[in-house]
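Subject: Structure handover

Dear colleague,

I am passing on the structure we spoke about, and I would be glad if you could look through it before reading my notes underneath.

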Amino acid sequence: MTIQFSRRGIAARLGRPLKARSSLVRRLVRAHDDPGKQRIRAWLRELDDEQLARLGLMLEDILVLRH
């Protein structure tokens, strides 16, 4: 079973800009000039939402990672 979330729907329901809760996701998103972190972010983007949730990422973290 795969869990799919609508990015616009979640952001609209939250009523605020998305902010990563996970420090890992925050560091990966800020690392524009670090090729290693960019590869990790690309690898995580390849995983589906259910797999990311199993790694401990919350819904907002997943949405920020995919944005």
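Below is what was found in it, from the overall make-up to the details.

Please keep in mind that this is a predicted model. The protein's secondary structure consists of five helices and zero strands, so that, read from the N terminus, its elements follow the order α-α-α-α-α. Of the 67 residues in the protein, 30% are buried, and among contacts with a separation of 6 or more, 54% are between residues 24 or more positions apart.

One helix pair deserves a description of its own. Helix α2, residues 23-30, and helix α3, residues 35-46, have axes that come within 9 Å and cross at roughly 120°, and the two helices are therefore oblique to each other. Their contact involves R27, L28 and V29 on the α2 side, together with K37, I40, R41 and L44 on the α3 side; of these residues, four are nonpolar, three are charged and none is polar. The crossing of α2 and α3 is left-handed.

The largest nonpolar core has 10 residues, namely A20, V25, L28, L44, L47, L52, L57, I62, V64 and L65. Helices α2 and α5 (59-66) each contribute at least two residues to this core, with α5 giving the largest share, three residues. L57, one of the core residues, is in contact with S22, V25, L52, I62 and L65 once its neighbours within four places in sequence are set aside.

With best wishes

Conventions:
Residues are numbered from 1 along each chain as its sequence is written. This is a predicted model: local features need pLDDT of at least 70, side-chain atom pairs count only at pLDDT 80 or more; totals for chains, interfaces and linings use all residues. Side-chain values use heavy atoms; hydrogens and water are left out. Axes are lines fitted to C-alpha atoms, for helices over the stretch in contact, and angles run from 0 to 180 degrees between N-to-C directions. Helices (H or I, at least four residues) and strands (E, at least two) are DSSP runs, numbered from the N terminus. Angles under 35 degrees count as roughly parallel, over 145 as roughly antiparallel, 65 to 115 as roughly perpendicular and the rest as oblique. A crossing is left-handed if the near helix is turned anticlockwise from the far one by less than a right angle, and right-handed if clockwise. Contact means heavy atoms within 4.5 Å. Ala, Val, Leu, Ile, Met, Phe, Trp, Tyr, Cys and Pro count as nonpolar, Asp, Glu, Lys and Arg as charged, and the others, Gly among them, as polar. A nonpolar core is a set of buried Ala, Val, Leu, Ile, Met, Phe, Trp, Tyr and Cys residues joined through side-chain atoms within 4.5 Å. Buried means under 20% relative accessible area, exposed over 50%, partly exposed in between (1.4 Å probe, protein chains only).
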